[in-house]
Amino acid sequence: MVKMAKAVLLDLSGTVHVGDHLIPGAKVGIQMLKSHGIPIKYVTNTSKESKSCLRNRLCNAGLEVQENELFTSLTAARNYVESLKLRPLLMLEDEAMKDFEGIQTEDPNSVVVGLSPSNFHYKRLNEAFNLLKNRASLIAINKSRYIKTDDGLSIGTGAFVSTLEFASDKKAHVIGKPSKDFFHLALKELDPKLQPHEALMVGDDVRDDVLGAQQAGLIGALVKTGKYLLGDENKYGEPNYVFENLEEMAQFVLGQEKK
Amino acid sequence: MLELKGGKVKGVLCDITGVLKESATTADGVAIQGSIEAIERLRKAGIQVKYVTNECQCTRKSLHQKLLRLGFSMSEESIMPPAFAAREVINKENLRPHFLVHDNVLPDFEGIDTDDPNCVVVGDAVEKFTYDNMNHAFRLLKEKKCKLISLGKGKYYREDGQLTLDVGPFTAALEFASDQNAMVCGKPDPLFFQAGLMSLGLTAEEVVMVGDDIVSDVGGAQKANIRGVLVRTGKFTAQDENHPVVKPDLIVDNLKQLVDVILQQ
């Protein structure tokens, strides 16, 4: 079954880049889509860096990106915390804290967890646990099991969210992928008239990127880069498409366009 | 009038932290009021006791000596910590473990081959739970397909008056990240309680388990068809009186009160 994609949502880490390096085929693929006027939004679960920091990293790697092309779970989390007037204990790296400037953090009544190795040690987790046991709510910027880093796979935010969920018997409210709201908010920001079935989501995490997108009504494509492991396409559900990299994805999307 | 239904109690499986003593970061902790006498009364009545504990921050010998210093009297062999149960599994299945445990429990694992690990053993490692150590364990589980063994799976315990994270939450983290279920050596695994019964030489109907952890102690025992009694000392909080899943066979203020009930039978 061929579906027409009018817009493309792209995961970043593992799909466009790993660390400071662009993935082969990524730049070409993105340029192909842009030169044909296909709207793009980068939807990332990143919780280690602010938008400006992320933009700089990508530009230094050789990819021109504007801040308004980025939709991050960090900004979505800040919006969520603000809308509910929560006072969070922020388990975030210093770089990510910038996106939470102006939020009151004294006498916390919530715990916000992002990818924060410097916070994921016993004492700090214990502090967060005691807040949760005292009625604080738990917010996860994402619930990623692991990510691809320069030196292999690394344990993700989701593991430490599980630590706090298990200890406190509370379920986290997950802001980022695979949350339906996250995909819908990203689409709305890209073009309020877009319907989910008109958008293609592309990522390297078959559960959080692809299946999550499908459950939100989007077309889901798995790309065999980043954290992808052989057999991922068969293990958890059925991606609509599987591509070697973003160049192959762009060729496919543009090929559809011509029909 | 408190009453324990079911057959006459001939043996007791007894938790240690939260039942015999309260935990503290310094020294040996504090004996809970009435517990020393309660154990003595059971001994005089000919009721056997085995101590099924998830304690893994020290060796069995060290734990035994702490209890003796506090005034308790029991044999070292009557204490059943998870490290011993894990040793049996390691030997039986020819496992070579990577340990993420408290340094002070390592002597109980002496002599075990740890080269080229094919298994990860996680215990109450406390300060050793850092991102880097968790990441190292995760990589062994995910990339080297190591088996995961957890020394107990309690959520938290009380120390110095405060609730503090136990091993369970960290096991849950590794299970989630690596997509596998841990084998639990210790409470609440039913096999651990059954080992207790075998050690007592009694049937489930003749025994009662007493602990302060409604899920690990009481729920775990009940899954092994043993009556589970909850004490209001240790990590107990008021919420436990109305747990959505586990209904204790009896709730008592402390071990002394349970022994009063047992001796009235």
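What follows is a short conversation about chain A of a predicted model, with a look at A:Glu165.

Visitor: Why is A:Glu165 called buried?

Guide: The relative accessibility of A:Glu165 is 10%, and buried means under 20% relative accessible area, so A:Glu165 counts as buried.

Visitor: Where in chain A does A:Glu165 lie, and which residues is A:Glu165 in contact with, leaving aside its neighbours within four places in sequence?

Guide: A:Glu165 lies in helix α6, which covers residues 157-168 of chain A, and, with those sequence neighbours left aside, A:Glu165 is in contact with A:Leu138, A:Lys143, A:Lys170, A:Lys171 and A:Ala172. Contact here means heavy atoms within 4.5 Å.

Visitor: What makes the radius of gyration of chain A agree with that of a compact globule?

Guide: For 259 residues a compact globule would have a radius of gyration near 18 Å, and because chain A has 18 Å, the value agrees. The C-alpha atoms of chain A, taken along the principal axes, fill a box of roughly 60 × 35 × 35 Å.

Visitor: How many helices and strands does chain A have, and what percentage of its residues count as buried?

Guide: Chain A has 10 helices and 14 strands, and 57% of its 259 residues count as buried. Among contacts in chain A with a separation of 6 or more, 64% are between residues 24 or more positions apart.

Visitor: How far apart are the mean positions of the positive and negative charges of chain A?

Guide: The mean positions of the 32 positive and 34 negative charges of chain A are 4 Å apart.

Technical notes:
Residues numbered from 1 in each chain as written. Chains lettered and ligands numbered in written order. Predicted model: local features only at pLDDT ≥ 70, side-chain atom pairs only at ≥ 80, totals over all residues. Heavy atoms only, no water. Helix = DSSP H or I, 4+ residues; strand = E, 2+ residues; numbered from the N terminus. Rg over C-alpha atoms; globule rule 2.2 N^0.38 Å. Buried < 20%, exposed > 50% of the residue type's maximum accessible area, 1.4 Å probe, protein only. Lys, Arg positive; Asp, Glu negative; His and termini not counted. Charge placed at Lys NZ, Arg CZ, Asp CG, Glu CD.
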